[in-house]
Amino acid sequence: MKINYLLITSFLLMSIFSFAQKVSVSKITERRSTGKDIFDNKCEVELKVWGDDLRKYQFVKISKILKVTDDQELDLLSEEDKDYDYEKIDKDAILKFETKIPARKASVLREISGELILFNPTTANGSIIKIANYQSKTNVNLLPASSDLQLIYLTKESMEKLSAEQNAKKEEELKKLPEATRKLAEGLISIFDSFSFMGNSPNEISFYVSGNQTKLADLYFEDAKGKKIERNGRSRMNNLISYSFEEKPKPDWKLVLVVETPKSVKKLPFKLENIDLP
């Protein structure tokens, strides 16, 4: 079957000025197929964020895309519920998202609207949390109870102990636990098989993460001198995240969490109109 592709890139400058930051569409890429690869059809929009106030922040990400339409009145908003990652801010920042393919007759995107989040993590605003001796704190939430994010450090031994304890409890006893405690215990037990598969290397560190995971911007480790330790890789299976290193983690390593807090973020709504398509 003959396959036809359209891969077009358009450089644009459609800007909105908001909160002393500027948001523009700098690039649109369309890909269309009439053959077997029809599911590869996509329209990628690239946003550029810049401005003097932007440099007061370290990271930016797309919080949500609320509306995308073309001049044929087609709703192009993607049906996929996507979580976007933070991008490092230099002089500016580039953010990308995908939409449905516009109508072939469409010449402009009539509207793109959404919200960005600017993030400046510091110890003072509570978004950088350093935890010493984390290796002695297995099977407990390392974050404050007030947070809507839970992070639990796991080892093979701690998981085996937890599994044995929970299996020994009667169903009636589990029902008597506070809902948050019960759900956390059930979630940990549910990943036991995944942990057995992923958590066998002595050079790995594993965590169970639940709650609003989009608020966890970064997780890394520092040595006794405060130097960031480079990792070899990161793997994820459902709520289980594992980090691998060149060496076995040392007892004096410090866990550093970078977490969104109300004082560390600023929301930046935007609305762009009549953006030329390629």
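# Exercises on burial and pockets

Of the protein's 278 residues, 41% count as buried (under 20% relative accessible area, 1.4 Å probe, protein chains only). This is a predicted model: local features need pLDDT of at least 70, side-chain atom pairs count only at pLDDT 80 or more, and totals for chains, interfaces and linings use all residues. Residues are numbered from 1 along each chain as its sequence is written, and side-chain values use heavy atoms, with hydrogens and water left out.

**Exercise 1.** Describe the secondary structure and contacts of the protein.

Step 1. Count the elements: there are 4 helices and 15 strands. They are DSSP runs (helices H or I, at least four residues; strands E, at least two), numbered from the N terminus.

Step 2. Take the contacts (heavy atoms within 4.5 Å) with a separation of 6 or more. Residues 24 or more positions apart account for 74% of them.

**Exercise 2.** Place Ser 242 and decide: buried or exposed?

Step 1. Find the element. Ser 242 sits in strand S13, residues 240-244.

Step 2. Check accessibility. Ser 242 counts as buried because its relative accessibility is 1%.

Step 3. Look for a side-chain partner. Ser 206 makes a polar contact of 2.6 Å with Ser 242, side chain to side chain. The term means a pair of N or O atoms within 3.5 Å; within protein, one must be able to donate a hydrogen and the other to accept it, and residues adjacent in sequence count only if both atoms are side-chain atoms.

**Exercise 3.** Characterise the largest pocket.

Step 1. Fix the term. On a 1 Å grid over the protein atoms alone, a pocket is an open set of points where a 1.4 Å probe fits, with protein on both sides within 12 Å along at least five of seven lines; lining residues have an atom within 4 Å of a point.

Step 2. Read the volume: about 590 Å³.

Step 3. List the lining. It has 21 residues, and Asp 85, Gln 213, Leu 216, Ala 217 and Arg 234 lie nearest the centre.

Step 4. Assign elements. S4 (59-70), S5 (87-88), S11 (216-222), S12 (233-237) and S13 each supply at least two lining residues. The largest share, 4 residues, comes from S11.

Step 5. Sort by type: 10 nonpolar, 2 polar and 9 charged.

**Exercise 4.** Treat the second largest pocket likewise.

Step 1. Its volume is about 480 Å³.

Step 2. Of its 20 lining residues, Ser 78, Glu 79, Glu 80, Tyr 84 and Glu 98 lie nearest the centre. S4 and S6 (92-99) give two or more residues to this lining.

Step 3. The lining divides into 6 nonpolar, 4 polar and 10 charged residues.

Terms used: Buried means under 20% relative accessible area, exposed over 50%, partly exposed in between (1.4 Å probe, protein chains only). Grid points are joined across faces, edges and corners, and a volume is the space filled by probe spheres set on the points. Ala, Val, Leu, Ile, Met, Phe, Trp, Tyr, Cys and Pro count as nonpolar, Asp, Glu, Lys and Arg as charged, and the others, Gly among them, as polar.
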